[in-house]
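Me: I would like a close look at how one part of this model is packed. Please take me through the surroundings as well, in plain words.

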Protein chains: 2
Amino acid sequence: MTANTAHGGRAPSMQDVARLAGVSLGTVSHALNKPEKVSERSLQKVRTAVEQLGFVPNSAARSLAAGSSTTVGLVLTDIDNSLFVDIARGAEDEARKSGHALLLANSDIDLGRQESYLDIFDEARVAGILFTPMNASLEGVDRVRRHGRRIVLVNYAGGRQDCCAVLSDEEYGGYLAARHLIGLGRRRLLFAGGPEEFYAIKERRNGALRAVTEAGNVTMEVIPSRRLKSDEGRKIAAAVADRPAGQMPDGILSPSDRIAAGVIHELMARGLQVPDDVAVIGYDNNHFTTEAAISMSTVSQDGHLMGAEAMAILLDEIRNPDHEHRVLTLKPQLVLRESTLGPNGRPRPEEDRRAGMAPANPAPL
Amino acid sequence: MTANTAHGGRAPSMQDVARLAGVSLGTVSHALNKPEKVSERSLQKVRTAVEQLGFVPNSAARSLAAGSSTTVGLVLTDIDNSLFVDIARGAEDEARKSGHALLLANSDIDLGRQESYLDIFDEARVAGILFTPMNASLEGVDRVRRHGRRIVLVNYAGGRQDCCAVLSDEEYGGYLAARHLIGLGRRRLLFAGGPEEFYAIKERRNGALRAVTEAGNVTMEVIPSRRLKSDEGRKIAAAVADRPAGQMPDGILSPSDRIAAGVIHELMARGLQVPDDVAVIGYDNNHFTTEAAISMSTVSQDGHLMGAEAMAILLDEIRNPDHEHRVLTLKPQLVLRESTLGPNGRPRPEEDRRAGMAPANPAPL
DNA sequence: AACAGATTTTGAAGCGCTTCATCTGGATCA
DNA sequence: TGATCCAGATGAAGCGCTTCAAAATCTGTT
C-alpha cells in the first residue's frame, strides 16, 4: 500500500512526481499520455514515482489544459424505463471500447433538470453529449452546440436534421402493433393511453391508424391518458370492460408497456380472458414484460443498439474532422408473447410473419 | 438568441466578459459567485455581458482553481434493479436541495467498472462520492479516501465502521419474511436462490433461519442459485414442483424479487396455486412487483430514503468540519400483496401486525 | 474640509496539467 | 573528424478560474 509522500495536505501533483523521478514535468506528462515518446528508462522512473506517491491525475487540470475532457455525458429522460437503461448500456459498451467513460444524468421527466444537466456537461467541457430529449425543448441543444459541444440525439429529435440522431420509427411500430392485432382477426381496436402531445405517441397512433385504414373493415377507438403509468391503464380498461359484448374492443394496443400491464391486470380482475376476449400489446419491451401478469406482447426498440449506434456516431463526430451529420432511424420489431398469442404461442396468421418479428425473448431478464 | 461575440473559435471566457463589461476579472468572478459582495452597478454590467456573450463558466477551470468541484458522484451497482433507481432518486432530490448536481455511473455488476468509475470521480475531484459497492472490493474506497475524497457507502459496507454508511438490516428483512410465512401457517419453507457469497443474501438467510428456529416446528430448505435473475427462480420452482405433496415447500422466500417472479411463474405454469399451495415472498420491492403474475409480497428497503440519507450525510461530511463518521442502518419493512395474502388480501394472523409493515403499494408505479 | 472606517474593485499569484519551441546527447555518415 | 540527424528531455507559456492582499472609492464624522 504505497504511502502518500506528498508534502502538506494536498494530493501529489505531477510536479511532485517529476521531482521524485528526477525528470522534468513535461516528461512525466509524456510518460503518462504518450509512453511511446519516452525512453524506457524515464518511463520506469516515472512509473515508480507515481506508484510511490499514489499519484492520481487531476482531470480538471487536464481538461483545462487540453481544452476538453475525455468523458462523455448521457442525459436520460427516465432511468426507470428500462428502454433508457438499455440505451445507457449500449452507449457505455461502445464508449468503453474506445476508452471513454460515460457519466449519466437522470432528468426524471423534468424539463428543468434536463436543461440543467445539459449545462453541467457543457460546463464540464465533456467530449460529447448523448441526449434523449423529452418532447418540446430542444433549445438546450442549440445552446450547448453554440459552445462547441458535440451532441447526438437519441430516441427523439423534434424533426431536426442539422444534428446527428438515432431514432426509432415510431409510426412503423404503431403500424406493426395494429397489423398484428388485425392479423389475429381483431376488428374493434382500442388505442389505450398516452398524452397525445408526445411526438412518439402521436406517431404510434398514426401508424396504427394506417394499418386500420389499410385493413378496411376495422375500427380504432382512442382513449388518451395523462401519463404513461399502469394505473392509467387500469382506468381505461375499467372504462371499457362494462360495455355490451358487441361494443367491447377485442384488441388493445398501448403506447407503453406499463399502461398495457395495467390494462391486462384490470381486464383479468374483471374476469375477462387475455388474449381470448381481448388481445393486448404494449410498447417498449420493458424488462418487466416477461414478468407481467401474462407475458406481454410488445413492440421492441432495441435500446442497446440505439445507445451503441448513437455513441459510435458521437465518437465519429469527436474524432473525424470531416464528420457529416446523419440521422439513423431504426425499425422497431414485434415481440410476441402470451398477451396476444395465448399460453401456447398459438400459430399465428400468415400476415405477422412478414412484419419483421424479433425472437420472443430477446432481452435476458 | 444572444450572439457569440468571442474572438477566435474558443468559447468566451470570464476575461472576455470582464473586458466587455468594463470591469476586472475578479469582479466578474465575484459577481457570479457572491453577488452580495458586488455593487448593483457592476452586477448589471456583468450580467449584460454574460448574456451578450453567451458565457458559460468552465467548470474544469473552476474546480482547478477552487481545489474541488461541486458535483457529487454516485457509483451504482445495477441500474436495472429499481432499488438502485430509488437510491439515485433519493440522492438526487437531496443533492438538489443544496444546489449540488449528481452524476451517475453504472458499474453493471462489474468490479472492474466499479473501480474505474470510482477513479474517474476521484480524478474529477468531485465534492463527494456515494457508492453502492458490490460484495468484496472495498479497496477502491481506501484509495479514493487517501486522496481526500469523501465517500459514503450505501447498501453495503463490508462491516467497516471507519466510514459513513447507510445500510439496510438484511438479517431483519429475512427474519420478517420468514416470520410472515410462518405466521400464515406455513411450515416447510424454502429459501430460494442467490449466490451465497453475497453478504446481503447470507444475512437474509440467517434472519430467516432465526425466525424458523424461534418458531420451532418449522423447517427451511435452502437452494442457492448462481445469479439473481428470474430464470433461476423458474429452475428452482421446477425442481421442487414435482415432489410428493408432503415434501413440497408451502412457503418460499427469495432474496430477490426477480427470482420470486420466476418461481411464481413456474409454479403457476405447473398448475399450482399461489398462495394457496405455496406462498411466495420476494425481496427489494422492485417497481415491477405490482405488475408481476400476481402482485408480489416482498421486503421493502426504502431506496429513496437510503439515497436521501446517504446524501445528507455526505453533504454534512463535506461542509461540516467536525463531522463524525456514522453508520445508519434502516429497518426494512414487509409489503404484503397477493403472492402471500391471496387476491382479497385475506385477513392475516396476528403476528404480522407487529412486524412493522409498510402500506401495500408504497411505490407509485 | 479632512479623515477613519467600511465597501468595492483591482491585479496578480497560483491551481495542475498539456504542449510546443528549444535544447541535448548520442548515433550516423561522408 | 566534423557536420548532420533525431529520438528524448526540458522549461515555459498558457488553459480559465478563485482568492487575497492592496488599492480605490464611498460613508459618515468632526
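Reply: Happily, and one term comes first: a residue is buried when its relative accessible area is under 20%, exposed when it is over 50%, and partly exposed in between (1.4 Å probe, protein chains only). The model is predicted, so local features need pLDDT of at least 70 and side-chain atom pairs pLDDT 80 or more, while totals for chains, interfaces and linings use all residues. Residues are numbered from 1 along each chain as its sequence is written, chains are lettered from A and ligands numbered from 1 in written order, and side-chain values use heavy atoms, leaving out hydrogens and water.

Let's start with helix H1 of chain B, residues 14-21. Helices (H or I, at least four residues) and strands (E, at least two) are DSSP runs, numbered from the N terminus. In H1(B), the buried residues are B:Asp16, B:Val17, B:Ala18 and B:Ala21. Their cover includes helix H2 (25-33) and helix H3 (40-53) of chain B, where contact means heavy atoms within 4.5 Å. At the start of H1(B), B:Ser13 brings a side-chain oxygen to within 3.2 Å of the backbone nitrogen of B:Gln15. After H1(B) comes B:Gly22, with a positive phi near 75 degrees.

Now for helix H4 of chain A, residues 59-66, whose buried residues are A:Ser59, A:Ala60 and A:Ser63. Viewed down the axis of H4(A), these residues fall within an arc of 105 degrees, so they line one face of the helix; the arc is taken from the directions from the helix axis to the C-beta atoms. An α-helix has 3.6 residues a turn, so residues three or four places apart point the same way.

What covers that face includes parts of the other chain, namely helix H4 (59-66) and helix H6 (111-123) of chain B. The N-terminal end of H4(A) is capped by A:Asn58, which has a side-chain oxygen 2.8 Å from the backbone nitrogen of A:Ala60. Within H4 of chain A sits A:Ala66, which is exposed, with a relative accessible area of 60%. H4(A) is then followed by A:Gly67, whose phi is positive, near 100 degrees.

That brings us to the meeting of the chains. Chain B gives 52 residues to the contact and chain A gives 51. About 4,900 Å² is buried between them, and carbon and sulfur atoms give 52% of that area; buried area is the accessible area (1.4 Å probe) that two parts lose on being put together, summed over both. Across the interface there are 10 salt bridges by the rule used, which asks for a side-chain nitrogen of Lys or Arg within 4 Å of a carboxyl oxygen of Asp or Glu. The side chains of A:Arg89 and B:Asp78 form a salt bridge at 3.7 Å, N to O. On the side of chain B that touches chain A, H4, helix H5 (82-97), strand E2 (102-106), H6 and helix H11 (257-269) each supply at least two residues. H6(B) provides the largest share of that side, seven residues.

Finally, look at B:Arg149, in the loop between helix H7 (139-146) and strand E4 (151-154) of chain B. B:Arg149 is buried, with a relative accessible area of 9%. Setting aside residues up to four places away in sequence, B:Arg149 touches B:Phe121, B:Asp122, B:Arg125, B:Val126, B:Ile129 and B:Val144.

How values were computed: Polar contact = N/O pair within 3.5 Å; in protein donor to acceptor, adjacent residues only side chain to side chain.
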